[in-house]
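Reader: I am a first-year student, and I would like to take a close look at a single part of this structure. Could you walk me slowly through the nonpolar core and then through what lies around it?

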Amino acid sequence: TSLELLLERHAALAAGTVLATIVATAGSTYRKAGARMLVEPGGRLHGLLSGGCLEGDLREHAASVRDSGRARIVEYDMR
């Protein structure tokens, strides 16, 4: 897919792009498990995971992942 090609390009350039992936969902959700979004170092997004309501928070988590070099799991409860 184009997202995979974009990720490969950024990986080759060591650009610090972070890949966010939905691991699991419950109930009605905008996207399902397996959906992905790229977050560039400047905050530009490629793809959406929530329809817009969580992307700002995901940018902040992506910056933390980029700074630490360590993956993390973030859980959202929208009930």
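Author: What follows begins with the chain as a whole, turns to the core, and then visits a few single residues.

Please keep in mind throughout that this is a predicted model, and that every value below is computed from it. The chain has two helices and three strands, and if you follow these elements from the N terminus on, they run in the order α-β-β-β-α. The C-alpha trace spans about 40 × 30 × 20 Å along its principal axes. A compact globule with 79 residues would have a radius of gyration near 12 Å, and because the chain itself has 12 Å, the two agree. Of the 79 residues, 28% count as buried, and the chain exposes about 5,500 Å², of which carbon and sulfur atoms supply 53%. If we take the contacts between residues at least 6 apart in sequence, 28% of them join residues at least 24 apart. As for charge, the chain carries 10 positive and 9 negative charges, and their mean positions are 2 Å apart.

Now to the part you asked about. The largest nonpolar core has 11 residues in all, namely Val18, Ala20, Ile22, Ala35, Met37, Val39, Leu49, Leu54, Leu58, Ala62 and Val65. At least two residues of this core come from each of strand S1 (18-21), strand S2 (36-39) and helix H2 (55-68), and H2 gives the most, with three residues.

Methionine 37 is a good member of the core to examine with care, and its place is in strand S2. Why does methionine 37 count as buried? The cut-off for buried is under 20% relative accessible area, and methionine 37 counts as buried because its relative accessibility is 0%. Leaving aside its neighbours within four places in sequence, methionine 37 is in contact with Leu3, Val18, Leu19, Ala20, Leu45, His46, Gly47, Leu48, Leu49, Glu55 and Leu58. The C-alpha atoms of methionine 37 and threonine 21 are 6.5 Å apart in space, while the two residues are 16 residues apart in sequence.

Valine 65 is another member of the core, and, with its neighbours within four places in sequence again left aside, valine 65 is in contact with Val18, Arg70 and Arg72.

Let us then look at the loop between S2 and S3, where glutamate 40 is found. Glutamate 40 has a relative accessible area of 14%, and it is therefore buried. Glutamate 40 and histidine 61 are 21 residues apart along the chain, and their C-alpha atoms are separated by 12 Å. Glycine 42 also lies in the loop between S2 and strand S3 (45-46), but glycine 42 is exposed, because its relative accessible area is 80%, and the cut-off for exposed is over 50%. From glycine 42 to threonine 17 the distance is 9.2 Å, C-alpha to C-alpha, with the two residues 25 residues apart in sequence.

Finally, isoleucine 73 has its place in the segment after H2. Isoleucine 73 counts as exposed, because its relative accessibility is 81%. Isoleucine 73 and histidine 61 are 12 residues apart in sequence, and the distance between their C-alpha atoms is 9.5 Å.

Key
Residues numbered from 1 in each chain as written. Predicted model: local features only at pLDDT ≥ 70, side-chain atom pairs only at ≥ 80, totals over all residues. Heavy atoms only, no water. Helix = DSSP H or I, 4+ residues; strand = E, 2+ residues; numbered from the N terminus. Rg over C-alpha atoms; globule rule 2.2 N^0.38 Å. Buried < 20%, exposed > 50% of the residue type's maximum accessible area, 1.4 Å probe, protein only. Contact = heavy atoms within 4.5 Å. Areas by Shrake-Rupley, 256 points an atom, 1.4 Å probe, with all protein chains shown as cover. Lys, Arg positive; Asp, Glu negative; His and termini not counted. Charge placed at Lys NZ, Arg CZ, Asp CG, Glu CD. Core = buried A, V, L, I, M, F, W, Y, C linked by side-chain atoms within 4.5 Å.
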